[in-house]
Amino acid sequence: ITSTPSGAEVRWRRRNVGRTPHTLRLAQGNRSVSVTLKRQGYESARVHFQPSKSGRKHVKLEAIFELVP
């Protein structure tokens, strides 16, 4: 799993498992996996995918802009 920007926290099964870029070692199969990426200053992103031998997933995180009066 990679992200733009890199260094996002990778959460799987409600646990922090590392930061991007990160490799999840999962058994191949038909079961869908759900991962959440979090980084300060950016919207959290939830990603769903199916594990595969050469599977790669890239996520672009959206910046949070605050309006200052």
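Here a trainee and a mentor talk through the strands and the salt bridge of a predicted model.

Trainee: Let's start with the sheet: in what order do the 4 strands stand?

Mentor: The sheet is an open one, and its pairing is antiparallel. Strand 2 pairs with strand 3 over 4 bridges, and 4 bridges also join strand 2 to strand 4. Strand 4 in turn pairs with strand 5 over 5 bridges. Read across the sheet, that gives the order 3-2-4-5.

Trainee: Nice. Which strands stand at the edges of the sheet?

Mentor: Look for strands with a single partner strand, since one side of each is then left without a neighbour in the sheet. From one strand to the next, the twist averages 30 degrees. The strands at the edges are strand 3 (15–19) and strand 5.

Trainee: Now the turns. Which residue takes a positive phi in the hairpin of strand 2 and strand 3?

Mentor: Good one to find on the model! This hairpin has 2 residues between the strands. The phi to look for is near 55 degrees, and it belongs to R13.

Trainee: And how many residues lie between strand 4 and strand 5 in their hairpin?

Mentor: Strand 4 covers residues 33–38, and strand 5 covers residues 45–49. In the turn, G41 has a positive phi of about 90 degrees. Within the paired part, S34 stands opposite H48. The number of residues between these two strands is 6.

Trainee: Back to strand 2. Which residue is the bridge partner of E9 in strand 4?

Mentor: Strand 2 spans residues 9–12 and runs antiparallel to strand 4. E9 has a residue opposite it in strand 3 as well, namely R19. Further along strand 2, R11 stands opposite T36 in strand 4. For E9, the partner in strand 4 is K38.

Trainee: Which residue forms a salt bridge with E9?

Mentor: The structure holds 1 salt bridge, so there is a single pair to look up. A pair counts when a side-chain nitrogen of Lys or Arg lies within 4 Å of a carboxyl oxygen of Asp or Glu. Here the closest N and O atoms are 3.0 Å apart, and the partner of E9 is R11.

Trainee: Last one: is E9 buried or exposed?

Mentor: Let's use the cut-off: buried means under 20% relative accessible area. R11, at 25% relative accessibility, counts as partly exposed. E9 comes out at 17%, so E9 counts as buried.

Key: Residues are numbered from 1 along each chain as its sequence is written. This is a predicted model: local features need pLDDT of at least 70, side-chain atom pairs count only at pLDDT 80 or more; totals for chains, interfaces and linings use all residues. Side-chain values use heavy atoms; hydrogens and water are left out. Two strands pair if DSSP finds at least two bridges between them. Buried means under 20% relative accessible area, exposed over 50%, partly exposed in between (1.4 Å probe, protein chains only). Axes are lines fitted to C-alpha atoms, for helices over the stretch in contact, and angles run from 0 to 180 degrees between N-to-C directions.
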